[in-house]
Amino acid sequence: MRSTGAEQVLTGPEFKKYIAMIRNKGNVYKAKRSEMADLRAEVGVLARTADILNNQYNEVKQTISSMEKERGIAGYTDTQDKLEMISAAKGDTDEKKGEILEDMSDMSDKLNQ
């Protein structure tokens, strides 16, 4: 590297190395840009798929609701969903209660010893 006042001039091999580094950075940039474009396209496809599935879900839900009304059991599915949620919550509560009872039993055993 030669110095001409405040500026530095690259010599032949140093300049080639610099150019290779710049080309490499350009290639990496192009690859990342291409990957980003692919990901954006995939996001679009997934968003459309989610919309289609939501529409199908709503249609099925309406069909079930109308069938329930026809058979005189309107709200059955909603009630069943609520019952399943309550049952899951009860299971969690029972598990916690079992842990507490086990802890209390351990404490009682320690106190009796």
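## Glu95 and the negative patch

In this predicted model, Glu95 is a residue of helix 2, the element that spans residues 76-112. Its relative accessible area is 52%, so Glu95 counts as exposed, the cut-off for that class being over 50%.

Glu95 also takes part in a negative patch on the surface, where its partners are Asp92, Glu99, Glu102, Asp103, Asp106 and Asp109.

## The salt bridge in helix 2

Side chains of opposite charge can pair when their charged atoms come close. One salt bridge is present in the structure, and it joins Lys90 to Asp94, with a separation of 2.7 Å between the closest N and O atoms. Both Lys90 and Asp94 belong to helix 2, where they are four residues apart, which corresponds to about one turn of the helix.

Asp94 has a relative accessibility of 34% and is therefore classed as partly exposed, since that class lies between the limits of 20% for buried and 50% for exposed residues.

## The nonpolar patch and helix 1

A nonpolar patch on the surface is made up of Leu10, Phe15, Tyr18, Met21 and Ile22, which together have about 440 Å² of accessible area. One of these residues, Met21, is located in helix 1, which covers residues 12-70.

With a relative accessible area of 39%, Met21 is partly exposed, and because patch members need over 30% relative accessible area, this value of 39% is in keeping with the place of Met21 in the nonpolar patch.

Key: Residues are numbered from 1 along each chain as its sequence is written. This is a predicted model: local features need pLDDT of at least 70, side-chain atom pairs count only at pLDDT 80 or more; totals for chains, interfaces and linings use all residues. Side-chain values use heavy atoms; hydrogens and water are left out. Patches are made of residues with over 30% relative accessible area and no salt bridge: like charges are joined within 9 Å, nonpolar side chains (Val, Leu, Ile, Met, Phe, Trp, Tyr) within 5 Å. Accessible areas come from the Shrake-Rupley method with a 1.4 Å probe; for residues, only the protein chains shown count as cover. A salt bridge is a side-chain nitrogen of Lys or Arg within 4 Å of a carboxyl oxygen of Asp or Glu. Lys and Arg count as positive and Asp and Glu as negative; His and the chain ends are not counted. The place of a charge is taken as NZ of Lys, CZ of Arg, CG of Asp or CD of Glu. Helices (H or I, at least four residues) and strands (E, at least two) are DSSP runs, numbered from the N terminus. Buried means under 20% relative accessible area, exposed over 50%, partly exposed in between (1.4 Å probe, protein chains only).
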